[in-house]
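Me: I'm new to this structure and would love a close look at a single part of it, taken slowly. Could you choose a region, explain the words you use, and then show how it sits in the rest?

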Amino acid sequence: MAFWLARERRAQESTFMQRFDPRFWTVNFPRPAMASVVTLGPDALRIDVELHHAGELVGLIWDSADTLDHPLLAYETDRDYSHTTLSFRWQSEGVIALDQPNGPTLTIEGRDAAGQPRIWYVRLWNYAEGTPIDARITLPFSSLESGFGLPGEPIHAQDIDRMFISLVAPGYVASSTAPLASRFNGSVVMSEISTDGAHGMLELGDVLLPPHGERMATAYDDAYNQTPARLLRGVIGLGYREDVVHYVGMSHFMRLAREAGGNLWVAPGGELCTPASRWHANFFELARAEDLEVIVSLSYEVFDAYCPESWKQRTASGAPALTGWVPPSSLLSPAQQPAMAWLAEVAAAFVVLLETAGQPVRFQIGEPWWWITPSREICLYDDAARAAFGGNPPVITDMAAPLDASAVALLDAAGDLLAQSTAALTAAVRAAAQAEAEVLLLAFTPTILAADMPELYRANLPTGWAAPAFDRLQLEDYDWLTAGADAARRSAYAFVDARLGYALADQDYLAGFVLDPADAEQFWTRIDAGIDEAAARGIPRRYVWALPQINRDGFTRLAPASEQAMNPFDNVLYPFALGRSASVAPEFSTSIAVTASGHERRNSLWADARLHFDVGPGIRSEPELSELIAFFRARRGPARGFRIMDPFDNSSNGMTSAPTMLDQLIGVGDGLVADFQLIKSYGGAEPQVRPITRPRPETLMVSIGGVASTAWTLGEKGLLRLLAAPPAGAEVRAGFRFDVPVRFAEDRLDVSAVNFAAGEAPSVPLIEIREAV
């Protein structure tokens with residue numbers, strides 16, 4: 001299916017919005033503080049904060065440049081705030097009041113009239129009418145002055161990058177890491193938001209793509225700083241429907257509690273922090289209003305600084321299972337009952353939020369596994385796991401090394417324990433739900449089925465997950481997908497199907513993602529093709545992972561045009577042999593410019609020739625003439641294509657010689673790629689390469705590194721799919737006979753019975769169809 005990486009809006013639909021629209025404010029804060037912003041209506045928003053240290057500050061931010069939305073949906077960049085007035089009602093609870101030192105301050109970042117970077121601090125109380133916790137604030141940017149009191153220094157309103165309102169707890173001390181006496185919770189409601197003046201309106205992308213059949217995946221750790229209304233506007237605007245996989249993350253949803261040693265760890269009881277609870281309640285409710293169901297995803301991963309030491313998976317040497325993120329997260333041990341109980345309590349809290357919002361309970365257990373370190377150590381050796389495995393389990397220091405029977409048995413036992421933990425979490429979700437609950441499992445095949453660790457699947461793809469352990473199985477393979485390792489991906493599908501037994505109708509596919517924007521062009525092409533391949537395999541639900549990368553790179557999935565749903569090609573052979581009197585004419589397109597001096601400049605416009613045939617001379621009898629007319633009518637003239645054998649060029653070996661397995665070099669192995677397009681090359685040093693889209697399957701022969709191979713399948717339009725990727729440097733060659741895809745050149749077929757009887761052959765022109773590969 002077609003896609004587009006949109007870098008900017010070019011004549012697509014747009015509208016206008018009021019500057020400072022509540023949907024587009026964001027929040028930011030340092031760990032371990034928590035905050036969120038949600039919309040309460042078209043002119044109101046709410047900020048919730050949860051703080052632990054005296055120096056923590058939360059900023060409510062307005063950016064002049066929209067760097068978060070998809071380019072087709074973003075608001076315009078306008079740094080000129082002159083002659084613009086922002087007004088709103090301010091109602092706060094808990095945070096330092098407007099009239100106090102360190103009270104809410106508007107920080108403006110931009111440049112002065114000379115173009116030098118500047119920061120101004122505008123005390124909101126100076127522009128407020130009312131009480132310190134309930135006031136009407138009016139900010140006329142052209143006459144704003146910074147400073148604690150008025151008069152102060154005028155700000156320069158013509159060149160502002162961003163501004164933010166600071167929120168702190170009573171007892172705030174700048175940069176202090178001293179703990180507050182107890183956890184602080186506060187909130188602010190900004191309502192009746194209104195903008196007037198010369199720069200009070202901004203152009204806003206208003207694209208609404210038609211539904212294309214795909215679904216969205218996103219995560220709270222990626223989106224905690226934005227409003228749910230903003231995210232959902234993007235999901236709907238880009239054509240995603242039905243449901244959203246929403247990973248709650250590993251670092252922002254949990255409530256933290258200070259333990260005796262002073263560490264802030266996840267609070268017992270699976271409590272959610274107030275900002276995350278408020279955000280998710282709003283997200284679920286707004287999604288329901290858009291007819292989107294939310295699949296809540298919870299993994300075994302927790303931000304390392306918040307994870308109790310006893311909960312972590314560990315290597316045999318005692319090192320914790322840490323991911324490669326900076327700062328890292330830890331993997332919870334399936335053997336640690338307090339950790340698993342906490343996961344179950346978190347899941348139950350999200351079930352309550354879903355049902356309160358009127359959402360069905362759909363829950364994904366996301367990538368539960370025993371962690372593998374970069375040095376391929378498996379983390380089976382925390383104290384609880386050791387006890388579960390008999391107290392002194394065999395030590396596996398390298399999963400790529402040969403394993404003896406005791407090590408293999410340990411991996412099987414680890415798989416059983418992992419399956420028991422996911423079964424318990426599944427049961428907890430179902431028990432918490434008031435009605436039926438759908439539970440899904442997500443597995444990441446490139447790690448579970450890594451070729452260099454052939455026994456790892458025993459621990460991380462246990463038979464205890466076999467159908468019907470879960471309602472749906474979800475697979476993602478983006479490392480292989482973006483690397484072009486198609487043989488590994490397809491082998492994994494077959495392995496998982498055989499081991500777990502989920503019907504294709506009960507499977508989902510997650511495609512993506514693109515970590516580095518420098519890879520966008522190449523990776524999104526492969527991701528889009530992976531989505532199409534999943535659909536062709538019969539996977540009914542396909543999710544693009546994830547929304548932040550989609551917005552950043554402008555990935556725009558396009559719905560199929562109505563004509564693409566038609567089949568304009570009949571895979572039938574022209575019914576008559578072409579006699580020697582039939583004509584064949586290869587055609588190129590070349591622009592030739594003659595200079596004033598008589599020299600030529602030639603530009604070849606086509607990479608491949610296009611063939612023209614006249615097959616009329618092959619018609620020899622009136623019955624054949626009648627059959628030709630019937631064939632022409634069945635094709636509806638030039639509307640439908642068909643195959644024809646070119647009598648002068650139909651073999652990979654020369655022009656018409658018998659094919660051999662060494663005829664055409666179609667690729668060189670790199671250890672990853674397993675798909676190769678059949679081609680025929682003409683010429684020597686700089687050959688003209690012709691894609692072969694209509695080979696005759698029964699004639700196809702393949703060799704890899706000079707050795708005949710039968711480990712392949714032939715896909716559509718001449719795509720050769722090897723069952724295993726050829727090793728690096730191995731030549732992939734093929735031999736075959738082939739037909740040419742053609743159509744009738746004209747809507748009319750002129751046949752004269754008198755002329756035909758007199759021996760004059762009719763003219764039946766055909767033209768080659770250029771097929772995309």
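Reply: Happy to! One definition to begin with: helices and strands here are runs assigned by DSSP, at least four residues long for a helix and at least two for a strand, and numbered from the N terminus. Please also keep in mind that this is a predicted model.

Let me set the scene. The protein chain contains 14 helices and 46 strands. Measured out along the principal axes, its C-alpha atoms fill a box of roughly 105 × 75 × 55 Å. There are 773 residues, and 52% of them count as buried. If we take the contacts with a separation of 6 or more, 77% are between residues 24 or more positions apart.

The part I have picked is helix H4, with the neighbours that pack on it. H4 covers residues 337-356, and helix H3, residues 274-289, packs against it with the two axes 8 Å apart and at an angle of about 40°. Angles under 35 degrees count as roughly parallel, and those from 65 to 115 as roughly perpendicular. The angle here fits neither of those ranges, which makes H3 oblique to H4. Their crossing is right-handed.

Which residues make this contact? From H3 come Ser-277, His-280, Ala-281 and Phe-284, and from H4 come Phe-350, Leu-353 and Leu-354. Sorted by class, that is five nonpolar and two polar residues, with no charged ones.

H4 has another helix to look at, H6, which spans residues 405-432. The axes of H4 and H6 come within 9 Å and cross at roughly 30°. These two helices are therefore roughly parallel to each other. H4 passes H6 in a right-handed crossing.

For this contact, H4 supplies Met-340, Leu-343, Ala-344, Ala-347, Ala-348, Val-351 and Glu-355. H6 answers with Ser-421, Leu-425, Ala-428, Val-429 and Ala-432. By class, 10 of the residues are nonpolar, one is polar and one is charged.

Now for what lies around these helices. As a general point, nonpolar side chains in soluble globular proteins tend to be buried together. In this model, the largest nonpolar core has 188 residues, and Phe-141 and Phe-253 are the ones with the most contacts inside it. H4 gives the most to this core, with 11 residues. Apart from it lies another core, of 20 residues, including Leu-578, Leu-611, Val-740 and Val-764.

Let's pause at Phe-253. Setting aside residues up to four places away in sequence, Phe-253 touches Tyr-220, Val-248, Leu-272, Cys-273, Ala-276, Leu-298, Trp-342, Val-346 and Phe-350. You have met Phe-350 before: it is one of the H4 residues that meet H3.

Following the chain on from H3 brings us to a small backbone detail. Asp-291 lies in the loop between H3 and strand S21, which runs over residues 293-299. Is Asp-291 buried or exposed? With a relative accessibility of 67%, Asp-291 counts as exposed. Most residues other than glycine have a negative phi, and most peptide bonds are trans. Asp-291 has a positive phi, near 60°.

A few other places make good companions to that detail. Ala-11, in the loop between S1 and S2, also has a positive phi, near 70°. Its relative accessible area is 85%, which puts Ala-11 among exposed residues. As for peptide bonds, the one from Arg-31 to Pro-32 is cis, with omega near 5°. A cis bond also joins Ala-467 and Pro-468, where omega is about 10°. Pro-468 is located in the loop between helix H8 (457-460) and strand S26 (472-476).

To finish, here is a contrast in how residues are covered. Phe-24, in the loop between strands S2 and S3, counts as buried at 1% relative accessibility. Among its contacts beyond four places in sequence are Met-17, Trp-62, Tyr-75 and Leu-204. Trp-4, in strand S1, is partly exposed instead, with a relative accessible area of 32%. Between the C-alpha atoms of Trp-4 and Ala-414 there are 44 Å.

Key. Residues are numbered from 1 along each chain as its sequence is written. This is a predicted model: local features need pLDDT of at least 70, side-chain atom pairs count only at pLDDT 80 or more; totals for chains, interfaces and linings use all residues. Side-chain values use heavy atoms; hydrogens and water are left out. Axes are lines fitted to C-alpha atoms, for helices over the stretch in contact, and angles run from 0 to 180 degrees between N-to-C directions. Angles under 35 degrees count as roughly parallel, over 145 as roughly antiparallel, 65 to 115 as roughly perpendicular and the rest as oblique. A crossing is left-handed if the near helix is turned anticlockwise from the far one by less than a right angle, and right-handed if clockwise. Contact means heavy atoms within 4.5 Å. Ala, Val, Leu, Ile, Met, Phe, Trp, Tyr, Cys and Pro count as nonpolar, Asp, Glu, Lys and Arg as charged, and the others, Gly among them, as polar. A nonpolar core is a set of buried Ala, Val, Leu, Ile, Met, Phe, Trp, Tyr and Cys residues joined through side-chain atoms within 4.5 Å. Buried means under 20% relative accessible area, exposed over 50%, partly exposed in between (1.4 Å probe, protein chains only).
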